[in-house]
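Trainee: Got a minute to go through this one with me? I'd like to ask my questions with the structure open in front of us.

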Amino acid sequence: MAQLTSIEILLPELRAYAIAICHSRHEAEDLVQDAVERGLRSDRKPTLLDELRPWMFRVIRNLHYDELRKRRVRREYFAAEKRLSTETGPSDTERDVLIRLAFEKLPPETREVLCLVDIMGLKYAEAAKVMDVPNGTVMSRISRARKALLEIVDGAETSKQEATRKT
């Protein structure tokens, strides 16, 4: 009979841990599968079983919290989208298009901070880590970016209103 690998030996414990932190067995199984896959692909995984065990638990935990964070961001994004669509009504499709076009006119650094904070829902500290800048830099950049976006949108709306009045 073939000898079991270290990860195969740990599978029952990994499953038990995943079930303890997940809402369902299905999620737990997916989590363990993702963790094992990551563990097998890693060049830097511990070789000793006593070191591999906590390392794999940490992989499961990190994957789980990454997934929860993704779900929260999606939930917040869709809630904001729903709120905006009910607040503004169906007639603001033009404004949505206008905002998207204005967003594309912004410089890449400005779009980056708006995307991370306003679209993806990252906190300032998280965006600062992604962009490798201090928190204060993110705060000032997001303020300037929002102002620039509003100026473009307001300018375009003013032009549109003036054009409508002339006809």
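**Salt bridges, cores and surface**

Mentor: Let's begin with a network: salt bridges link Glu-27, Glu-67 and Arg-71. Keep in mind that this is a predicted model.

Trainee: Within that network, which elements hold Glu-27 and Arg-71, and how many residues apart are they?

Mentor: The side chains of Glu-27 and Arg-71 meet in a salt bridge, at 3.6 Å from N to O. This pair links distant parts of the chain. Glu-27 sits in helix 2 (residues 25-41) and Arg-71 in helix 3, so the answer is helix 2 and helix 3, 44 residues apart.

Trainee: Is Glu-27 buried, partly exposed or exposed?

Mentor: Buried means under 20% relative accessible area and exposed means over 50%. Glu-27 has 23%, so it falls in between. Its partner Arg-71, at 29%, also counts as partly exposed. For Glu-27, then, the answer is partly exposed.

Trainee: How many salt bridges does the structure hold?

Mentor: Besides the Glu-27 and Arg-71 pair, there is one between the side chains of Arg-53 and Glu-13, at 2.4 Å from N to O. Glu-76 also forms a salt bridge with Arg-72. Those are among a total of eight.

Trainee: Which helices does the Arg-53 and Glu-13 pair link?

Mentor: Both partners are partly exposed, Arg-53 with a relative accessible area of 38% and Glu-13 with 32%. Their side chains meet in a salt bridge of 2.4 Å. The pair bridges distant parts of the chain, 40 residues apart, with Arg-53 in helix 3 and Glu-13 in helix 1 (residues 6-21). So you want helix 3 and helix 1.

Trainee: And Glu-76 with Arg-72: how many residues apart are they?

Mentor: The closest N and O atoms of Glu-76 and Arg-72 are 3.3 Å apart. Glu-76 is partly exposed at 40% relative accessible area, and Arg-72 is partly exposed at 24%. Both lie in helix 3, about one turn of the helix from each other, which comes to four residues.

Trainee: Let's go inside. Which element gives the most to the largest nonpolar core?

Mentor: That core has 18 residues, and those with the most contacts inside it are Leu-14, Val-32, Val-36, Met-56 and Ile-60. Helix 1, helix 2 and helix 3 are the elements that give two or more residues to it. The one that gives the most, with seven residues, is helix 3.

Trainee: Which residues is Met-56 in contact with, leaving aside its neighbours within four places in sequence?

Mentor: Met-56 is one of the residues with the most contacts inside the largest core. With neighbours within four places in sequence left out, its contacts are Leu-10, Leu-14, Ala-35, Val-36 and Gly-39.

Trainee: How many residues are in the other core?

Mentor: It lies apart from the largest core. Among its members are Leu-106, Val-117, Ala-127 and Met-131. Its size is 15 residues.

Trainee: Is His-64 buried or exposed?

Mentor: His-64 lies in helix 3 (residues 49-88). Leaving aside neighbours within four places in sequence, His-64 is in contact with Ile-21, Cys-22 and Leu-31. Its relative accessibility is 8%, and since the cut-off is under 20%, His-64 counts as buried.

Trainee: You mentioned Cys-22. How many disulfides does a search of the whole structure find?

Mentor: A disulfide is a covalent bond between the sulfur atoms of two cysteines. Cys-22 is buried, with a relative accessible area of 12%, whereas Cys-115 is partly exposed at 28%. As for disulfides, the search of the whole structure finds zero.

Trainee: Now the outside. Which residues make the nonpolar surface patch of about 370 Å²?

Mentor: Take Met-120, found in the loop between helix 5 (108-119) and helix 6 (124-131). Met-120 has 39% relative accessibility and counts as partly exposed; a patch residue needs over 30%, so Met-120 passes that cut-off. The patch is made by Tyr-77, Phe-78, Ile-119 and Met-120.

Trainee: Last one: how many helices and strands does the chain have?

Mentor: Along the sequence, the pattern reads α-α-α-α-α-α-α. Of the 167 residues in the chain, buried ones make up 23%. The count you're after is seven helices and zero strands.

Conventions:
Residues numbered from 1 in each chain as written. Predicted model: local features only at pLDDT ≥ 70, side-chain atom pairs only at ≥ 80, totals over all residues. Heavy atoms only, no water. Patch = residues over 30% accessible without salt bridge, like charges linked within 9 Å, V, L, I, M, F, W, Y side chains within 5 Å. Areas by Shrake-Rupley, 256 points an atom, 1.4 Å probe, with all protein chains shown as cover. Salt bridge = Lys/Arg side-chain N within 4 Å of Asp/Glu carboxyl O. Buried < 20%, exposed > 50% of the residue type's maximum accessible area, 1.4 Å probe, protein only. Disulfide = S-S within 2.5 Å. Contact = heavy atoms within 4.5 Å. Core = buried A, V, L, I, M, F, W, Y, C linked by side-chain atoms within 4.5 Å.
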